[in-house]
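Visitor: I've got a structure on screen and a few things to ask. Could you walk me through the packing?

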Amino acid sequence: MKYIQSKFILLVVIALIPVLLSAQAASENETLSLNNPKDSMVQVAFRKVSQDNLLGGVSVLNYEELTKRNYNTYSLDNMQGYVGGFNGASLWSMGSYLVLVDGVPRDANNVLPTEIEQVSFLKSASSVVLYGSRAAKGVVHITTKRGIAQPLKITGRVNTGFNVHKSYPKYLGSAEYMTLYNEARENDGLGKLYSDEEIYNFSTGENPYRYPNIHFYSSDYIRKFNNRTDATAEISGGNDFARFYTNIGYYRQNDYLKFGNAKNNSTDRLNIRGNIDMTISKHISAYVNSNATFYNASSAKGNFWEAASTMRPNRFSPLIPISYINPMDEASLTLIRNSHQIDGQYFLSGTQAEQTNVFGDIYAAGNGKWTSRQFQFDTGLEFDLERVLKGLSFNTQLAIDYATTYNTSYDNTYAIFAPTWSNYNGKDVVSSITKFNNDRKPGTQNIGGSTNRQTLLFTGQFNYVNSIDGIHNFNAMLLGNVYQLTRSQEYHRDGNANLGLLLGYDYMKKYFVEFSGAQVQSAKLPPGNRGAFSPSLTLGWNLSNEDFLANTAVDDLMLSVSGSILNTDLDIPEYYMYEEQFDQANGAWWGWKDGNSERSTNSLRGGNPNLDYIKRKEFSANLRASLWERLLTIDASVFMNSVEGLVVRPSTIFPNYFFTYYPEASFIPYFNFNNNQHSGFDFSVNLNKNLGEVDLSFGVNGTYYVTKATKRDENFEFDYQNRAGRPIDAIFGLESLGFFSDETDIASHENQKFAEVAPGDIKYKDQNGDGVIDEKDEVYLGRGGWYGLPFTMGVHFTAKWKNLTFFAMGTGGFGANAMKNNSYYWVYGDRKYSEIVRDRWTEATKETASYPRLTTQSGANNFRNSDFWMYKNDRFSIGKVQITYDVPKHLLQDFFMKEISAYVSGSNLLTISNVSKILEMNVGSAPQTRFYNIGLKATF
């Protein structure tokens, strides 16, 4: 924590240096700010409010300004680099947040950065209470662009770039693998599997077809980079009656693989968005938004990346030249001529145990295409009811979205041939082949994996805004909101229905009080408990409007505090969990007489008619400040909440006879039992300064949170086993004491129950002193960062000189731990050997070894959670650097283009960490990449 604090203090000092160097500031300071302008409107729940009157728990990003200096391909890419409270995984550590696009629950990846005007991060319970149950973990609200009354404006943008791999897993070659596998067998008391002659033949590389050494990450199979190209056209304009905005975009990206059918792998996407606003009369306005997205991903059969992490290098050569077949072996040649050949030169190889393999799949098993279609539509009306009551209005929103996906494929079978090798006169020859399977191309297109999703939403709301002499200012809202999501093959629809009420008052824009609440409804709960009211109260004080701060450096200073109780069913995973459940499928057979038997009816769980909502009880405080005419802006929040009544089946409060193992039966119902606590703070500090011809903007933000399991259904024998009182993301495991050095060391140590141990196995500490080491000796090891890294920070910097703009952004994460527990590190049995095993324990290396002895067994003693495998994943990443040049406008006076910009950028450039090799390496999936892009933007 001291490390985090020192870094934070250093960044704040850096941010304040220009302030100390300059005694004056001007409105030009805001030229490059990513904050909304002081008098702009911010989208919050069901309304927009002035930036000046924005109360706490909300952060907002001027996304349209961001895209001028930072080309992105994903709408929420590195948002933790710009706002506090969002760490990339959650808002205020609450878990999965709700994404709204123009007020409708939609996927963030289905709206492109060029379509976005503003993104609001609604973090506090008070800011989301009007949305009801579905928003209890926070909301990210994306607002798309709209047209304005102006002549036709067309903006085009073209980008092309290359993804360059960061790193690959490193696996041992055939000869080294075979040598170490023999060693593993000897460690287990078994004989060698590979002879010295075999290992030598594999090591020479003279005949890679008979003695293969498959390297999945070689240039034989993988491109050094792959291309992504996109083009976007934005068209907008209108008049006082109607305004429109249109965005048409297309992108295409090819794959990393370069052989077989996989060389044609590609992804492409076409999107068309149209937003229309209409002023029908003085008192009636309307809007219509629509979007269509067409997405295709074509791929060959087979999972190359998974096979790269599992297939041992010496198993077989995937391709063998036909020329190796004995020319006198007409039978074998005939088989090859009548089967699938690769480039007319090779035949597909394999073994009896591997009659299909990833290489054969990619070359001959066919191909498939994943297709997605999304159609989104929403519309609304707004009525000015000032004739009924001054300040009164009514507006509606209706949304209908459809999404469908399906797979199409051509599925072929193929023959592989297992060669029998001989050596004639010093030359290796395939003396015969054994065929497995047959080549078959049905030519039939198969369709499967079809899913569809429908979203329906309706909102109707009365709004009241009025002021008495500019002193007493009132605002109110009464709304009804219904949302329903239907998925294919799911009986129950996900829904949300709630009424909302907001009452707000401020005195001379100084003192604010706001009460908001929602009456929520859930079909997941038993009758009688399906309705609940969620209240929230917020108090605010705008000190900048006080006389004692007049004519000072303070131009905005708002303090606010909120208290809220949200009722939610988000963490109630199923319907009817309140009902008892009986079943005969696993019942015991019984009968009253011979030959007539039936199964017993067993209780699977008891009922609970009192099952209730989970509650988020929260207190938060916020400070928002602007100094020296927005030279320096600060936004900071602290929060503490308790999530109470998480649903579990608490066995500790029922007698043990409420559950039986055989027949398997239980009378224990679901209860609201477990409780969690979340607390922390976030901040965002931005500095904007104009120095002659140079505009500068620097921002630093961060989020820190801690969690605690305050109540758990547990009954452990020892206190150190308890999860209550520990972080929610606690990692438990054994405490390691090095390796067993010899049999004497094993004999003198406590008995480890996981497996029979030998010298070179990991030794663990007996925590409870019972002389036995088992699961009871697992202790708390550290935090896992399941809701994002405990401390997340971001910095961004922009410098503009004349027509040249430089932008850089970085993000950091600190305070969490992770386990090296994938197949790259946990190597046992017949798993593929990574380079990590070179540091294994042997008699010769027992003093320096950093990896357990090798084994062909399960390795149950060594490969389990312990501090031996744990590492801290602190890091700082340079996420983006971009240089933009704007062609001077005076050069375009007589040209059909009004504005032209060109830019080059790099993304995901560098990870600075003690464990950067671990963080940047993917195992069993496509490699991580750096992305280098060049783009051109023009306005007509």
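Guide: Phenylalanine 359 is a handy start: leaving aside neighbours within four places in sequence, it is in contact (heavy atoms within 4.5 Å) with Ile214, Phe216, Tyr221, Phe259, Phe304, Met311 and Pro318. Bear in mind that this is a predicted model, where local features need pLDDT of at least 70, side-chain atom pairs count only at pLDDT 80 or more, and totals for chains, interfaces and linings use all residues. Residues are numbered from 1 along each chain as its sequence is written, and side-chain values use heavy atoms, with hydrogens and water left out.

Visitor: Which residues have the most contacts inside the largest nonpolar core?

Guide: A nonpolar core is a set of buried Ala, Val, Leu, Ile, Met, Phe, Trp, Tyr and Cys residues joined through side-chain atoms within 4.5 Å. Buried means under 20% relative accessible area, with a 1.4 Å probe and protein chains only. The largest such core has 71 residues, and the ones with the most contacts inside it are Phe216, Phe304, Phe359 and Tyr833.

Visitor: Which helix gives this core its largest share?

Guide: Helices here are DSSP runs of H or I, at least four residues, and strands are E runs of at least two, numbered from the N terminus. The largest share is six residues, and it comes from helix H4 (residues 174-187).

Visitor: Is asparagine 608 buried or exposed?

Guide: Asparagine 608 sits in the loop between strand S29 (602-605) and strand S30 (614-627). Its side chain reaches the backbone oxygen of tyrosine 670 at 2.8 Å. Because its relative accessibility is 6%, asparagine 608 counts as buried.

Key: Buried < 20%, exposed > 50% of the residue type's maximum accessible area, 1.4 Å probe, protein only. Polar contact = N/O pair within 3.5 Å; in protein donor to acceptor, adjacent residues only side chain to side chain.
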